[in-house]
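Open the model in your viewer and keep the sequence panel visible. The tour below goes from one selection to the next and says what is there.

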Amino acid sequence: MYLPSSRPTVDAALIRRVELAQASQNRSATPAHGILEVAGGLALFNGANSPLTQALALGLEGPVSAESFDRVEAHLGQQGGLLQVDLLPFADPSFAQELARRGYRVGEFQQVFMRALPASPPPPTAPGIEIRPLRPDEAQVFSRTVAQGFMGRDEVSDEESSLMLGTATMPGTTCFLALVDGEPAGGGTVAVHDGVATLSGTGVRERFRGRGLQQALISTRLDWATHQGCTLASSSTLPASPSQRNMERLGFFVAYPKVVMMRELTSSPR
């Protein structure tokens, strides 16, 4: 069992710290020319319509000018496609006004969970269950296993099974694999930046669910992060997702919401 964690005060400074920690994974996979520091946050370009092409943590340090947003759109939209920008609590009102003026729409709601570290050591796993860091030759196994968990089926296409392959080899990211009697059953990732451990990419194959694997994956990564000197852990999920209950059982609380704002680029950026 995890004892209730002390809750840090959630303000603009903490949100920016957590958001930039979450963005550190994407930044590590972004070429230097694709990184733009602007308006207190980041705009990361990894190709048109890539999920890693997005703007994060903008407006948390003050107003976002039209000129700054022009730079963001020119950077993210240099090859056309869909523009994705995170809108966060505590962002300066000018940011939301600029999004509305340019015709952005709500693409997705997310909620960000947080808890203080250190965490209690993970409880013993049931016989036959092993949770361990990924070995160098297991990137494809990890990607396929997590994809099977995401899709809720064992039959996945080559494209689906490669969705997490980049994450499995991303600098600064540590992947954990869950095995049941030696068979890959689930996985998840953790990245560390500025004392914040960001947990993401957690998936458990359907026929292995109900055995506590997701909680074991979370608690093992929290323990690992504690030993890396982290003082905070965070994770983002869709509202009312199955992960929420497991996160809350392990001491996480909903710290703040965020909205992914989108606009289809049909012409050259302003």
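Start with the pair of helices α7 and α8: Gln214, Gln215 and Ile218 in α7 meet Pro242, Ser243, Asn246, Met247 and Arg249 in α8. By class, this contact of α7 with α8 is made of three nonpolar, four polar and one charged residues. Keep in mind that the model you are looking at is predicted.

Now select residues 213–227 for α7 and residues 242–249 for α8; the two pack at an angle of about 50°, and their axes are 10 Å apart. Angles outside the ranges for roughly parallel, roughly antiparallel and roughly perpendicular count as oblique, and α7 and α8 are therefore oblique to each other. The crossing in which α7 passes α8 is right-handed.

Next, select threonine 237, which lies in strand β10 (residues 232–237). Is threonine 237 buried or exposed? Its relative accessibility is 11%, so threonine 237 counts as buried, the cut-off for buried being under 20%. Show its contacts, leaving out residues up to four places away in sequence: threonine 237 touches Gln110, Gln111, Phe113 and Ser243. Ser243 was also one of the α8 residues that meet α7.

Move to helix α2, residues 66–76, and colour its buried residues: Ser68, Phe69, Val72, Glu73, His75 and Leu76. Look down the axis of α2: the buried residues fall within an arc of 165°, so they line one face of the helix. What covers these residues? The cover includes the strands β1 (35–38), β2 (41–44), β3 (54–56), β4 (81–87) and β11 (253–265), together with helix α3 (93–101).

Just before α2 in your selection list comes alanine 57, in the loop between β3 and α2. Its phi is near 65°, a positive value in a residue other than glycine. Alanine 57 has a relative accessible area of 0% and is therefore buried.

For a second positive phi, select aspartate 181, in the loop between β7 (173–180) and β8. Here phi is near 50°, again in a residue other than glycine. Aspartate 181 has a relative accessible area of 66%, so it is exposed.

Continue to glycine 186, which is found in strand β8 (residues 183–193). With a relative accessible area of 0%, glycine 186 is buried. Which residues is glycine 186 in contact with, leaving aside its neighbours within four places in sequence? They are Thr145, Phe176, Leu177, Ala178, Gly203, Val204 and Leu217. Draw a distance from glycine 186 to threonine 125: the two are 14 Å apart, C-alpha to C-alpha, and 61 residues apart in sequence.

Then go to proline 118, in the loop between β5 (105–116) and β6 (129–133). Zoom in on the peptide bond from leucine 117 to proline 118: this bond is cis, with omega near 20°.

The last stop is glycine 103, in the loop between α3 and β5. At 49% relative accessibility, glycine 103 counts as partly exposed. Not counting residues up to four places away in sequence, glycine 103 touches Met262 and Arg263. From glycine 103 to methionine 261 there are 158 residues in sequence, and their C-alpha atoms are 9.7 Å apart in space.

Note on methods:
Residues numbered from 1 in each chain as written. Predicted model: local features only at pLDDT ≥ 70, side-chain atom pairs only at ≥ 80, totals over all residues. Heavy atoms only, no water. Buried < 20%, exposed > 50% of the residue type's maximum accessible area, 1.4 Å probe, protein only. Helix = DSSP H or I, 4+ residues; strand = E, 2+ residues; numbered from the N terminus. Arc of directions from axis to C-beta. Contact = heavy atoms within 4.5 Å. Axes fitted to C-alpha atoms, helices over the stretch in contact; angles between N-to-C directions. Parallel < 35°, antiparallel > 145°, perpendicular 65-115°, else oblique. Left-handed = near helix turned anticlockwise from the far one by under 90°. Nonpolar A, V, L, I, M, F, W, Y, C, P; charged D, E, K, R; others polar.
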